[in-house]
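Colleague: Please show me the sequence and the model, and then let us discuss the ligand site.

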Amino acid sequence: MSRYCGRHPGTRPLVSVQSGLRCARPSGRAYQHTLAMTASAQSLHHGVAQSEAYKSEYVFGFGSLIGNPGFEYSDKVEPCYIKGWRRVFWQGSTDHRGTPEAPGRTVTLEPCEGAVTWGAAYKIAGDAEQRQETITYLEWREKQYDLREIVPVFTDASSSQPHVTALVYIATSDRSANPNYLGPAPLDDIALQIATSVGPSGPNRDYLFALAASMRRMNVQDEELFLLEAKVRALLDLPGNGDSSSTAAAAAGVPIDSSEPS
Ligand code: SIN
């Protein structure tokens, strides 16, 4: 698979560019091709059994878990990233940010060589019993995500050693295991769906805005995410966030990393 799907962070991993290149938004008939590619790439990932998930000390969040873990933790690693996965708004949400009649879109991870996905890792607090309760909570919360992986989590691009390993929940393109999978669509269509969907947890747009705000807080530049946010704001006639990623990066004195994958 092509490496042209994101960029590896440089030696100062505070800002990364996840620009839409080869594994990113396809157009026209390329959707079906991408779906097939995604299915075959994901079939390489068998994940871990639920029992393994219960043994994990850390959980890596790349969506709502970043800003709202919802459980007690004893350590938080942020910003941090995982390699070989790209964040995409390809998962349908029928119980959270949409309904079965009008699904919203939440993020999942697509295998993508050379890509990185930024997020936060949380160490589950407490004794064995409390940790078990937390995983049971996560299993319930992430029940529309059908794959569990234990992934190396990095904080330092100059080191090949992960900081920790963590459990991550992924929604795959296997529709028998994940009937809510929506897959790729033009960014304008995704924006419209997010702008108009509402579920038991609230408007889909708030999910997107919270995620974009998390990336800004970490000084991570996620071009496609910010573009989607801008499209949704425009559709809803909402003012911009007033804090473009490059402004935030400049304010933090962090250069925008334009390094190629290493
Ligand atoms: C995650 O945050 O890690 C999973 C996706 C979500 O719950 O939004």
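Modeller: The questions below concern the ligand and its surroundings. This is a predicted model, in which local features need pLDDT of at least 70, side-chain atom pairs count only at pLDDT 80 or more, and totals for chains, interfaces and linings use all residues. Residues are numbered from 1 along each chain as its sequence is written, and side-chain values use heavy atoms, with hydrogens and water left out.

Colleague: Which residue has a side-chain N or O atom 2.6 Å from an oxygen atom of the ligand?

Modeller: Polar contacts here are pairs of N or O atoms within 3.5 Å. Backbone N or O atoms of F62 and S64 lie 3.0 Å and 2.9 Å, respectively, from an oxygen atom of the ligand. The side-chain atom at 2.6 Å belongs to Y207.

Colleague: Which elements give two or more residues to the shell around the ligand?

Modeller: The shell holds residues with a heavy atom within 4 Å of the ligand; among them are G61, L65 and E142. Helices (H or I, at least four residues) and strands (E, at least two) are DSSP runs, numbered from the N terminus. The elements asked for are β1 (58-61) and α3 (64-67).

Colleague: How many charged residues does the shell around the ligand have?

Modeller: Asp, Glu, Lys and Arg count as charged; Ala, Val, Leu, Ile, Met, Phe, Trp, Tyr, Cys and Pro as nonpolar; and the others, Gly among them, as polar. By these classes the shell has five nonpolar and three polar residues, and the number of charged residues is one.

Terms used. A polar contact is a pair of N or O atoms within 3.5 Å; within protein, one must be able to donate a hydrogen and the other to accept it, and residues adjacent in sequence count only if both atoms are side-chain atoms.
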